[in-house]
Amino acid sequence: MQKVEPSRDSFSSRALLFLRTKISPMTIFWLVIVSILVLPILLFLAVAFSPKLLDQGPEWFTFNSFKAAADPYFLRSIWHSFVMGVVSAIFATAIALGVAWIVLRTNSAARKVWNLAIFALLLAPSYLIALGWERIFERAGVLNIFGIDVPFVRDLLYGPFGIAMILTFKGIPFAYLVISNAMRGLGEEFEQAVRVHGGSRLAAFKMMSTLLLPALWSGIAIVFAESISDFGVASQLSSPGRYSVATFTLYRSVMSIPVSFPLCAAISIILLLLIVVALLAQSRALRGRSFRVLSGRTRPITRQKLAPLGSFASNASIYALLILTLGVPVFGAISASMIQGLGTVISNYQINFDNYIRVIKSPLLRSPLLFSAEAALITATVAVILAAISSRMLVSTKNGAGKKFLDFFLLAAVGLPGIVFAIGYIFAYNLPLAQRYGFHLYGTVALLVLAYIATALPSTTRSLVGNMNQFQESLSEACRVHGSNGIKTWLTVVLPLISRPLLAAWCLTYCGTLLELPVSQILFPPGHAPLAVGIDHALGNYDFGGGTAMEVFAIISALIVVAVAFALYERLAPVGWKQLGRAHR
Amino acid sequence: MSTSTNKGHRIKIEKARKNYGSLAALDGLSLTIEPGQFMVLLGPSGSGKSTLIRSLAGIEKIDSGSIFLDKQEVNRGPINIAPEKRNLAMVFQDYALWPHLSAFENVEYALQRRKLSKEVSRQRVETALERVGLSTKGKNYPHELSGGEQQRVALARAIVADPALLLFDEPLSNLDADLRERLRIEISTLTREIGATALYITHDQSEAFALADKIGVINRGKLEQVDVPEEIYERPINRFVANFTGIAGTFTGKVKRVSKTSCIVALGEDQLKVRHTVGLKVGQTVDVLIRPAATSFKKDSENKISSVITDVAYRGRGYEHAIDTKYGSLTGVFDNVSHPRGGRISVSIDPDRCIAFPTESK
């Protein structure tokens with residue numbers, strides 16, 4: 001039998017404990033979080049109150065920037081952002097819940113198509129979805145070329161309806177991932193209990209929805225924060241004359257001369273307050289209730305066999321959703337990439353593959369794709385590691401203050417528009433203090449990747465929280481009492497149990513980073529243009545064909561990476577890992 | 001099969017305190033468990049027994065006081081030796097089997113700390129599974145096993161590494177009665193075979209009496225009494241211990257006469273001779289706690305009260321009756337034959353198995 005060690009004297013025990021506390025893995029984690037997330041956000045937001053702190057004005061402390069932000073023009077755009085955030089969050093989460101139920105709990109044939117389509121939808125940045133719709137309905141667009149003109153659809157598209165619609169489309173995959181991960185871990189015994197006690201199918205669905213509340217609220221919070229900080233849709237569909245949202249007015253402020261960074265920071269703080277509202281709503285709705293349902297006793301679910309009418313309705317719903325969210329923009333992008341002279345006044349349009357051949361042959365068009373693929377690979381890997389730790393902390397019953405601190409900054413980072421986040425990075429890492437201590441990161445690939453990781457971390461974390469919430473604490477406690485230290489417990493039990501959600505989160509982050517626009521635009525180092533910047537340059541130079549061909553290549557490459565990742569998982573992961581959350585056919 | 005070799009930890013807990021907000025889960029509790037001893041902590045929900053066992057495991061940390069495993073102080077002030085360094089194992093209430101590992105792998109996991117060769121490790125896992133009757137279920141995943149089989153895997157996982165301390169956190173509470181009884185016997189024999197010290201918590205007094213070398217009755221974070229099962233049952237130190245270790249009912253009356261170990265209590269028109277463990281005075285109001293074993297329908301007893309049968313339950317070896325008397329109701333009154341509901345009958349009370357406590361000590 002292994003004997004315990006003799007007792008240590010009190011002083012040496014305390015010294016050892018002190019050292020272990022000071023350089024524990026969690027200390028390193030917190031250092032990383034503060035460096036890449038907290039510091040850039042705080043420094044930039046501080047400019048709103050103290051312009052002199054970063055040489056942006058004469059005052060050490062002032063509210064002048066908030067007075068400037070109280071202008072009706074800015075206030076109206078902030079209100080518009082709030083409304084768009086609420087509408088898109090509610091619709092996206094409701095649709096995602098329905099889709100998750102069809103895909104995971106029924107034998108609907110469309111579920112297989114959805115599983116493939118979800119990553120395409122995740123991959124497509126909002127500006128690409130908006131661009132696809134624009135290419136079809138704009139004047140001299142694809143429909144016009146075929147002699148069709150629908151001005152009322154165009155009017156709807158360039159207004160609140162169009163913005164809310166695209167933001168909802170963009171929000172659905174985020175909400176779906178969170179809800180589906182939680183639903184996978186939810187055994188069907190709860191629904192069966194409703195049915196055997198006289199409840200209808202609807203009552204069972206309501207019970208399942210209640211048990212999924214943490215995931216539903218996480219979905220709402222993510223979509224709300226993503227929507228109010230979204231710049232892609234705003235850049236395409238928002239305008240001062242029609243319906244301006246906060247990120248659009250922020251962009252105009254940043255691009256105006258002279259730039260008022262304190263004003264931008266003030267608007268950002270107001271956006272953050274909107275996020276606080278989302279957080280409060282989430283915590284008030286849950287009120288500390290526990291929804292831990294995943295354990296060793298959870299059994300795989302059995303798919304519900306739909307009647308012919310139900311089967312038709314579920315398939316039709318999924319296909320209609322896919323046509324609206326993916327079909328239209330993909331058709332817009334592909335058709336635009338194959339039409340020579342689109343958007344111009346020439347009348348002899350040609351349809352061919354010349355634009356694709358140009359992308360393959362031209363290093364100017366090809367190298368951004370390769371650069372972004374490398375950056376996305378590193379970002380996804382690091383972000384998923386940090387997100388796994390963060391999400392575990394967020395659902396922990398311990399770490400009260402640290403948990404609230406992390407929760408706030410992660411959600412704040414989602415709420416911060418990417419363009420503002422990038423400016424924060426410039427402030428933080430271009431400060432004389434940073435230079436003095438040898439942090440020469442400004443203008444490097446390393447800074448760009450760090451910013452990618454920081455912007456990806458909040459949504460990646462949120463996507464894992466629902467699943468972590470279902471993880472029974474006793475499973476890791478059992479590891480500790482049976483001889484594993486904290487790290488081994490993570491490697492042998494926590495990570496395997498959430499391996500599939502982790503893989504999904506990795507793919508989500510990879511796809512998101514590949515086509516990231518605002519941070520890329522502000523922080524890309526000379527000679528290393530990321531993909532979104534390459535596409536933007538092409539579109540800016542009226543090379544619609546080349547730009548859209550790059551989009552199509554990027555999406556195809558990302559789908560291949562996702563397919564390979566899942567194929568490797570299915571082939572290499574142990575049987576026990578793969579059967580978690582799997583339904584009977 | 002090996003027999004006990006007293007190789008377990010000696011557990012010493014000194015003045016342990018643990019608060020959750022304003023609630024004291026452990027209120028200066030002290031306890032010693034000798035090596036190889038099977039200690040059962042018996043107490044109601046919220047009494048602090050789970051906190052105590054989790055603090056011993058190192059999953060929770062006490063606010064003050066200290067915990068020793070043998071001579072090593074594992075918990076005091078900032079010192080908190082990690083669970084994996086305490087050489088113990090635990091059976092959880094919800095089994096805590098890792099769902100991504102098969103039964104074999106679950107058991108094997110707990111053996112990794114011993115750093116054995118693969119072959120030796122395999123043999124020990126197989127032996128452990130065989131000991132709990134699951135030698136053919138090694139490849140099954142937790143969801144493919146019944147509740148009883150899952151708990152057996154948890155038991156095999158706990159014993160496989162020959163730990164010095166075995167902790168049981170209400171391991172049988174999720175199982176049906178028959179399975180509970182069978183697993184209780186397995187826990188009792190296997191634990192004693194490996195010679196580990198064991199701490200078992202439960203709120204079920206029959207489980208406690210069946211398993212324990214010693215029982216500690218815990219209430220509101222304090223130990224009320226620690227003793228061998230017979231003493232706990234025969235000589236409960238206070239009303240709480242008597243109440244929690246099984247009574248058929250309680251009558252309230254006044255002390256009429258007192259001798260060294262017994263007294264006469266007047267209950268309205270009737271009188272009962274009962275035992276007492278604390279000093280009583282004539283005229284004092286007392287609660288008479290009556291053990292189920294004290295009651296019978298014997299006709300030749302002097303200690304008798306008239307009653308009405310309210311319910312009868314068949315228990316295989318005989319019948320248990322619920323009765324109403326003028327002074328309160330009693331349950332679990334056993335007889336080999338059934339008496340009809342509504343029938344009038346005298347119930348006899350064995351003076352040695354009912355105890356009087358002052359009413360104000362409630």
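**Figure 1. A loop residue of chain B, B:A96.** Our tour of this predicted model starts in the loop of chain B that runs between β7 (88-91) and α2 (103-109), where B:A96 is found. Is B:A96 buried or exposed? With 28 other C-beta atoms within 10 Å, B:A96 is buried. The backbone here deserves a look too: phi of B:A96 is positive, about 50 degrees, although the residue is not a glycine. For a newcomer, it helps to know that most residues other than glycine have a negative phi.

**Figure 2. A strand residue with a positive phi, B:K15.** Here is another residue to look at for its backbone angle. B:K15 sits in strand β1 of chain B, which covers residues 11-20. Its phi is near 45 degrees, again a positive value in a residue other than glycine. How many C-beta neighbours does B:K15 have inside 10 Å? The count is 13, so B:K15 is classed as partly exposed. The cut-off helps in reading this view: a residue with 12 or fewer such neighbours would be exposed, and one with 20 or more would be buried.

**Figure 3. Chain B as a whole and its two domains.** Stepping back for a moment, the C-alpha atoms of chain B fill a box of roughly 75 × 45 × 40 Å along the principal axes. Chain B contains eight helices and 21 strands. Of its 362 residues, 43% are buried. Among the contacts in chain B between residues at least 6 apart in sequence, 68% link residues at least 24 apart. The domain assignment splits chain B into domain 1 (11-241) and domain 2 (247-361). How far apart are the C-alpha centres of domain 1 and domain 2 of chain B? They lie 37 Å from each other. Five residues from domain 1 of chain B and six residues from domain 2 of chain B take part in the contact. On the domain 1 side of chain B, the touching residues comprise two nonpolar, one polar and two charged.

**Figure 4. A five-stranded barrel in chain B.** In which order do five strands of chain B close into a barrel? The order is β12-β13-β14-β21-β15, and the pairing is mixed. From one strand to the next, the twist averages 55 degrees. One pair to pick out is β14 (residues 270-276) with β21 (residues 354-358) of chain B, parallel partners joined over two bridges. Within this pair, B:R275 has B:I355 in β21(B) as its bridge partner.

**Figure 5. Strand β20 of chain B and its antiparallel partners.** Strand β20 of chain B spans residues 344-349 and is joined by two bridges to β16 (residues 295-296) of chain B, the two running antiparallel. Strand β17 (residues 304-314) of chain B also pairs with β20(B) in the antiparallel sense, over five bridges. Which residue of β20(B) is the bridge partner of B:S296? That partner is B:S348. Look at B:S348 again from the β17 pairing, and you will find B:K304 standing opposite B:S348 in β20(B). As background for viewing any such sheet, side chains in a regular strand alternate between the two faces.

**Figure 6. Helix α20 of chain A, an enclosed helix.** Now we move to chain A, whose secondary structure comes to 29 helices and two strands. Of the 585 residues of chain A, 49% count as buried. Helix α20 (residues 418-429) of chain A has 12 residues and reaches 16 Å from its first C-alpha to its last, close to the 16 Å expected at 1.5 Å a residue. Why is α20(A) described as largely enclosed by the rest of the structure? Because 12 of its 12 residues are buried. Among them are A:G418, A:F421, A:Y425 and A:Y429.

**Figure 7. A buried residue in helix α18, A:L394.** For the last view, find A:L394 in helix α18 (residues 363-395) of chain A. A:L394 counts as buried because it has 20 C-beta neighbours inside 10 Å. Which residues does A:L394 touch, leaving aside those up to four places away in sequence? They are A:K403, A:L406, A:D407 and A:V465. A:P574 is 180 residues from A:L394 along the chain, and their C-alpha atoms are separated by 28 Å. Across chain A, residues 24 or more positions apart account for 80% of the contacts with a separation of 6 or more.

How values were computed: Residues numbered from 1 in each chain as written. Chains lettered and ligands numbered in written order. Predicted model: local features only at pLDDT ≥ 70, side-chain atom pairs only at ≥ 80, totals over all residues. Domains from an automatic or database assignment. Contact = placed C-beta atoms within 7 Å. Nonpolar A, V, L, I, M, F, W, Y, C, P; charged D, E, K, R; others polar. Pairing = 2+ DSSP bridges. Helix = DSSP H or I, 4+ residues; strand = E, 2+ residues; numbered from the N terminus. Axes fitted to C-alpha atoms, helices over the stretch in contact; angles between N-to-C directions. Expected span 1.5 Å × (residues − 1).
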